[in-house]
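Please open the model in your viewer and keep the selection panel at hand. The tour proceeds from one selection to the next and states what is found at each stop.

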Amino acid sequence: MNQNPLPQKTLRLWQLRVALVGGVPFLLCLFFLYLSKWFLLPAIFVLVLSLWLIFWYFPRYFQSYEVQFPQNAIVIRRGVFIRSSHIMPFSKLVYVQSFSTPLSKSMGLAAISLKAARSSLFIPELSDADVQLFIHSVTKEGDN
């Protein structure tokens, strides 16, 4: 079985996203702190939650993520608290789509969305070269 680990840039991208999303409510709560001291509680909650996600949860989730390509299929295993496995044969694929946000594009990363008749899979950000290689190999498999 061939295993493709996610690049380290993917973990940094996830952490940066949480820092940006968690930073806005934190700063808003600090801004409104002059109205009431009760804004300190949500500010502390958002800060603790963001730090927990950045430094504990995402590194473990990143380590647990496995993308494997056995013969003519894709297997994805992931999860920290609840482990899940997804298997999709290439023959069942309807289409494959790659996309990237401006932030991931600036880091040279792109994500892949796989659609089948009754299911879909999402592969988080891989390097652009790996995404193109994956799409080429899948479409090559479909031609045979």
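**Strands and hairpins**

Begin by selecting β3 and strand β4 (residues 84-89): the two run antiparallel and are joined by six bridges. The model is a predicted one. Within this pairing, select Ile76, which stands opposite His86 in β4. Then move to the turn: β3 and β4 form a hairpin with five residues between them, and Gly79 in that turn has a positive phi of about 130°.

Next, add strand β2 (residues 66-68), which runs antiparallel to β3 and is joined to it by three bridges. Select Gln68 to find its bridge partner in β3, Val75. The hairpin of β2 and β3 has four residues between the strands, and there Asn72 takes a positive phi near 55°.

**The nonpolar core**

Which members of the largest nonpolar core touch the most other members? Select Ile74, Met88, Phe90, Ile112, Leu114, Ile123 and Phe134, which hold that position among the 28 residues of the core. To see where the core is drawn from, colour α1 (8-31), α2 (40-64), β3 (73-78), β6 (109-116), β7 (120-127) and α4 (128-143), each of which supplies at least two residues. The largest share, five residues, comes from α2. In soluble globular proteins, nonpolar side chains tend to be buried together.

Now centre the view on Ile112. Neighbours within four places in sequence aside, Ile112 is in contact with Val96, Gln97, Ser98, Leu121, Phe122, Ile123, Leu126, Val131 and Phe134.

**Phe122**

From that list, select Phe122, which lies in strand β7. Is Phe122 buried or partly exposed? Its relative accessible area is 37%, so Phe122 is partly exposed. With neighbours within four places in sequence again set aside, the contacts of Phe122 are Tyr65, Ile76, Arg78, Phe99, Ala111 and Ile112. A distance label between Phe122 and Ala111 should read 7.5 Å, C-alpha to C-alpha, for a separation of 11 residues in sequence.

**Aromatic pairs**

Finally, display the aromatic rings; the structure holds 16 aromatic pairs. Select Phe69 and Phe134: the ring centres are 5.3 Å apart and the planes are at 45°, so this pair is tilted. Phe69 lies in the loop between β2 and β3 and Phe134 in helix α4, so the pair ties together parts that are 65 residues apart in sequence. Both Phe69 and Phe134 are buried.

As a last selection, take Trp14, Trp52, Trp56, Tyr57, Phe58, Tyr61, Phe62, Tyr65 and Phe81, which form one aromatic cluster.

Conventions:
Residues are numbered from 1 along each chain as its sequence is written. This is a predicted model: local features need pLDDT of at least 70, side-chain atom pairs count only at pLDDT 80 or more; totals for chains, interfaces and linings use all residues. Side-chain values use heavy atoms; hydrogens and water are left out. A nonpolar core is a set of buried Ala, Val, Leu, Ile, Met, Phe, Trp, Tyr and Cys residues joined through side-chain atoms within 4.5 Å. Buried means under 20% relative accessible area, exposed over 50%, partly exposed in between (1.4 Å probe, protein chains only). Contact means heavy atoms within 4.5 Å. Two strands pair if DSSP finds at least two bridges between them. Rings of Phe, Tyr and Trp (its six-membered ring) pair if their centres lie within 6.5 Å; planes under 30 degrees apart count as stacked, over 60 as edge-to-face and the rest as tilted.
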